[in-house]
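Subject: Structure handover

Hi,

Here is the structure I promised to pass on. Please open it and keep it beside this email as you read.

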Amino acid sequence: MKETGNLMNSIWFGEKSTLPKSEIKENILKSDTEPAILFNLIELYKLGDFTQKPLLIQLMNQTKDEDVLNLCIRVFLAVATHDDLRDSNNLRFLSEGTEKTINTFSSAAVTSLSLGVIPYLLALLEEWDDIDDTVIIIKDAIDFYLNFEEEIGEEASVDDIGDFYVNYCNEINREDYYFQQSLVFPGVLTKRLAHRVISAVNNEEPLRLQLIPSLLSIYTGEKVPGDYKTIISENNYQDFMDYINTLSMKKWETGQKYFYGYKL
C-alpha cells in the first residue's frame, strides 16, 4: 500500500496518463487488486472519462482496506457532482466508518465544492459528538461553506447549524459550486495564491497554503509548483507567476466544477 499512501499525501493525483482511454479501461478489467483498480480509475478520470464512476463508488463502499477507502473518498469527493452527493446510497460507508475514515471524509468534504456534503456532515456531527478532534474537523468543514461560527457562534448545536444551513440554501443557487461563500473560480484562488507568494518571497518564507494549491492542481490538472512547506524565493517566485498566468489564459465557467480541466 506504499503507493496509495504516497498519493494520499500528495496535493493532487499525479500527471495525466499518456495511455489511451481504451487501454486504461482494459487495464481496469485486468486488475486483480483493489489498489490496481483504483489507480486505473484515477487515470481514466484524469483524461475526462467519468463513465466508470459507479465502479469507484462500489469499491468505496465494499473495500475493507482503510488505505484504499480513504483514497477512494478523496477521489470521489474530487469528482462528485451534486447528483452524486444527493444519492445517500453512494456514501453507505459512512455508517460503519472508523474515526480515521470519518476524519478523512470531513476534511476532504471541502474539495467537493458542493453544499450537498453538509447534510452528511451534520449527521456525522451528531453521531460523533463525543470525539472532540472529529467534532472540530466536521465543524471546520461545515464552517468552510456556511461561515456559521461568525453568525451563530462556534458552540451552536447541530439543530441550530441545520436551521442555519436551510436558511442559507434559500439564498443561493445550490446547483452552483462554491469555495467558501463565493462561486468557485480559478481566478479567485490564484489571486490568493499570488498574494501569499508575493508576501512570502521577501523573507523567503514557506508558502503555508494547503487547500488552495491542492484545489487548483486537481481542478485544473496543472500542478501548483509548490506546496505548504515550499520556501518562496527569487529562485521559484517566477514559477508561481508563470503558473498563475497560464491558468488565466484558459476559459473557466464561474461556479462550475472541474477535474483535471474537465467540466463535471
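Does Glu 175 count as buried, partly exposed or exposed? Glu 175 counts as partly exposed, because its relative accessibility is 43%. One thing before we go on: this is a predicted model.

**Salt bridges**

Let's stay with Glu 175. Its side chain meets that of Arg 86 in a salt bridge, at 2.4 Å from N to O. Arg 86 lies in helix H6, while Glu 175 sits in the loop between H11 and strand E1 (178-179), so the pair ties together parts that are 89 residues apart in sequence.

Arg 86 has another partner. The side chains of Arg 86 and Asp 83 also meet in a salt bridge, at 2.6 Å from N to O. Here the two residues both lie in helix H6, three residues apart, which is about one turn of the helix. Put the pieces together: Asp 83, Arg 86 and Glu 175 are linked in a network of salt bridges.

How open are the two H6 residues of this network? Asp 83 is exposed, because its relative accessible area is 55%, and the cut-off for exposed is over 50%. Arg 86 counts as partly exposed, at 47% relative accessibility.

Now look at Asp 84. Its side chain meets that of Lys 53 in a salt bridge, at 2.7 Å from N to O. This pair links distant parts of the chain: Asp 84 is in helix H6 (residues 82-86) and Lys 53 is in helix H4 (residues 53-62), 31 residues apart. Both Asp 84 and Lys 53 are buried.

How many salt bridges are there by the rule used here? The count comes to nine. The general idea is simple: side chains of opposite charge can pair when their charged atoms come close.

**A negative patch**

Next, the surface. A patch of negative charge gathers there, made of Glu 99, Glu 126, Asp 129, Asp 130, Asp 132, Asp 133, Asp 159, Asp 160 and Asp 163. Two helices, H9 (132-146) and H11 (158-169), each supply at least two residues of the patch. Which helix gives the most to the negative patch? That is H11, with three residues.

Glu 99 is one of the patch residues. Glu 99 lies in helix H7, which covers residues 99-108. With a relative accessibility of 36%, Glu 99 counts as partly exposed.

**Aromatic rings**

The structure holds twelve aromatic pairs. Take Tyr 219 and Trp 252. Their ring centres are 5.8 Å apart and their planes are at 50°, so the pair is tilted. The two rings come from distant parts of the chain: Tyr 219 is in helix H13 (residues 211-220), and Trp 252 is in the loop between helix H14 (237-248) and strand E3 (258-259), 33 residues apart. Tyr 219 is buried, because its relative accessible area is 4%. Trp 252 counts as buried too, at 13% relative accessibility. The cut-off for buried is under 20%.

Tyr 219 also pairs with Tyr 258. Those ring centres are 5.2 Å apart and the planes are at 50°, so this pair is tilted. This pair again links distant parts of the chain, with Tyr 219 in helix H13 and Tyr 258 in strand E3, 39 residues apart. Both Tyr 219 and Tyr 258 are buried.

Which residues form one aromatic cluster? They are Trp 12, Phe 13, Tyr 45, Phe 50, Phe 259 and Tyr 260.

**Backbone and other spots**

Two residues are worth a look for their phi angles. Phi of Glu 204 is near 50°, a positive value in a residue other than glycine. Glu 204 is in the loop between helix H12 (186-201) and H13. Phi of Arg 208 is near 55°, again a positive value in a residue other than glycine. Arg 208 is also placed in the loop between H12 and H13. Arg 208 is partly exposed, with a relative accessible area of 45%.

Last stop: Pro 119. It lies in helix H8 (residues 118-127). Pro 119 counts as partly exposed, at 39% relative accessibility. Its C-alpha atom is separated by 27 Å from that of Leu 41, and the two residues are 78 apart along the chain.

Best wishes

Key. Residues numbered from 1 in each chain as written. Predicted model: local features only at pLDDT ≥ 70, side-chain atom pairs only at ≥ 80, totals over all residues. Heavy atoms only, no water. Patch = residues over 30% accessible without salt bridge, like charges linked within 9 Å, V, L, I, M, F, W, Y side chains within 5 Å. Areas by Shrake-Rupley, 256 points an atom, 1.4 Å probe, with all protein chains shown as cover. Salt bridge = Lys/Arg side-chain N within 4 Å of Asp/Glu carboxyl O. Lys, Arg positive; Asp, Glu negative; His and termini not counted. Charge placed at Lys NZ, Arg CZ, Asp CG, Glu CD. Helix = DSSP H or I, 4+ residues; strand = E, 2+ residues; numbered from the N terminus. Buried < 20%, exposed > 50% of the residue type's maximum accessible area, 1.4 Å probe, protein only. Phe/Tyr/Trp six-rings, centres within 6.5 Å; stacked < 30°, edge-to-face > 60°.
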